[in-house]
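Grab a coffee and open the viewer. Here are some exercises, each with a worked solution to check yourself against.

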Amino acid sequence: MKLSFRWYGKDDPVKLDYIRQIPTMRSIVTAVYDVPVGEVWPRESIAELKKMVEDKGLVFDVIESVPVHEDIKLGRPTRDKYIESYKENIRRLAEAGIKCICYNFMPVFDWTRTQLDHVLPDGSTDLVYYKDQVEKMDPLTGELSLPGWDASYKKEDLKDLFDAYGKLTEEDMWDNLKYFLENIIPVAEECDVKMAIHPDDPPWNIFGLPRIITCEKNLDRFLKLVDNPYNGLTLCTGSLGCSKLNDMVHIVDKYSAMGRIHFMHLRNVKILDDGGFEESAHYSGCGSLDMVAILRVLYKNGFDGYLRPDHGRMIWGETGRPGYGLYDRALGASYITGIWETLCKLDK
Ligand SMILES: [Mn+2]
């Protein structure tokens, strides 16, 4: 496994100088953040990122994310223009040495939480999803807004998007995803770039918007849309794992044995009785997922893709981007590498 760490570019308060000090850290996961969704990333911006990362002795070979324009997800006539841009981004990233691209196919909203600074008994803070809070929210009136929503959406734009998705069924979403994959996967294969879809977070419909990358049955369907190793998964344990219906050890075992997991996101969540959840520290005992069992099946299947600690809590007085501080993610990385080293040595 190739240990990696997400970094939000030069404005990220978590510096590459700190990330490189995490033992055995290999790759930086990043993106060009100042280009609107659907446009081609300038070669100079990609080269600048690569240089910053490589100057610190780290590897620049995985991108999270190249976002997918809503018109592609909606199957609008304008999608072909955005798909062409997407292909060009794959080519340009491949030229710069990128081997894996993470993306998602969630309508309108990416990850969704109800609070980003929930205080835990030990005084640290985490991200939570409380069902009763979600039920009170209406993104269109905005009287109660979810934290972390893309501020670039104006209320009118949001209304148009909701109307458009209102006319779309889950089957339409599948058709639109298939169309997208049929166009981009041949380019990814030609460029030797593994495409890795991130599951929907959380893995259920929100505000009536359809979500399809949610469970084993749908992952099977997804991989068959274009049955090619370049069409693979970012297996995020904290996203799929916040539904009790998903058996994460089984899912990780199955798809890593098939060689279709290109990127692992490892984090733990505590599932609440009513179906809500709280993000927790990585350690198995802090949440509902058995991290040793998950790493054991990856090891058994010879997993050699990318792996990164996902969201951490905010601890030790750190402030910054919720879920993406340095300290708790570094603890997560150390915990993961500790388990991995143990698995390697017990096997000798
Ligand atoms: Mn994730």
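**Exercise 1. At what angle do helix H11 (residues 291-300) and helix H12 (residues 327-346) pack?**

Step 1. The two axes make an angle of about 50 degrees and lie 10 Å apart. Axes here are lines fitted to C-alpha atoms, for helices over the stretch in contact, and angles run from 0 to 180 degrees between N-to-C directions. Helices (H or I, at least four residues) and strands (E, at least two) are DSSP runs, numbered from the N terminus.

Step 2. H11 and H12 are therefore oblique to each other; under 35 degrees counts as roughly parallel, over 145 as roughly antiparallel, 65 to 115 as roughly perpendicular and the rest as oblique.

Step 3. From H11, Met-291, Val-292, Leu-295, Arg-296 and Tyr-299 meet Ile-336, Ile-339, Trp-340 and Leu-343 of H12. Contact means C-beta atoms, placed from the backbone, within 7 Å.

Step 4. Sort the contact residues and you get eight nonpolar, no polar and one charged. The classes are: nonpolar for Ala, Val, Leu, Ile, Met, Phe, Trp, Tyr, Cys and Pro; charged for Asp, Glu, Lys and Arg; polar for the others, Gly among them.

Before you go on, two notes. This is a predicted model, where local features need pLDDT of at least 70 and side-chain atom pairs count only at pLDDT 80 or more, while totals for chains, interfaces and linings use all residues. Residues are numbered from 1 along each chain as its sequence is written.

**Exercise 2. Trace the closed barrel and look at some of its strand pairs.**

Step 1. The eight strands run E1-E2-E3-E4-E7-E8-E9-E12, with parallel pairing. Two strands pair if DSSP finds at least two bridges between them.

Step 2. Neighbouring strands of the barrel are turned by 30 degrees against each other on average, direction ignored.

Step 3. Strand E3 (residues 59-64) joins strand E4 (residues 100-104) through three parallel bridges, and Val-62 sits opposite Cys-100 in E4.

Step 4. Strand E7 (residues 194-198) and E8 also pair in the parallel sense, over three bridges. Ile-197 has Leu-233 in E8 as its bridge partner.

Step 5. In strand E8 (residues 231-236), six of the six residues are buried, so E8 is largely enclosed by the rest of the structure. Buried means 20 or more other C-beta atoms within 10 Å of a residue's own, exposed 12 or fewer, and partly exposed in between, with C-beta atoms placed from the backbone.

**Exercise 3. Which strands stand at the edges of the open sheet?**

Step 1. Write out the order of the four strands: E5-E6-E11-E10, with antiparallel pairing.

Step 2. Strand E5 (115-119) and strand E10 (268-271) are the edges; each has a single partner strand, so one side of each is left without a neighbour in the sheet.

Step 3. For E10, pairing with strand E11 (residues 277-280) is antiparallel over four bridges, and Val-269 has Glu-279 in E11 as its bridge partner.

**Exercise 4. Compare the settings of two loop residues, Arg-20 and Phe-109.**

Step 1. Arg-20 lies in the loop between helix H1 (16-19) and strand E2 (27-30). Arg-20 counts as partly exposed because 15 C-beta neighbours are inside 10 Å.

Step 2. Beyond its neighbours within four places in sequence, Arg-20 contacts Met-25, Lys-56, Gly-57 and Leu-58.

Step 3. Phe-109 is in the loop between E4 and E5. With 20 other C-beta atoms within 10 Å, Phe-109 is buried.

Step 4. Phe-109 and Ile-206 are 97 residues apart in sequence, yet 8.9 Å apart in space, C-alpha to C-alpha.

Terms used:
Two residues are in contact if their C-beta atoms, placed from the backbone, lie within 7 Å.
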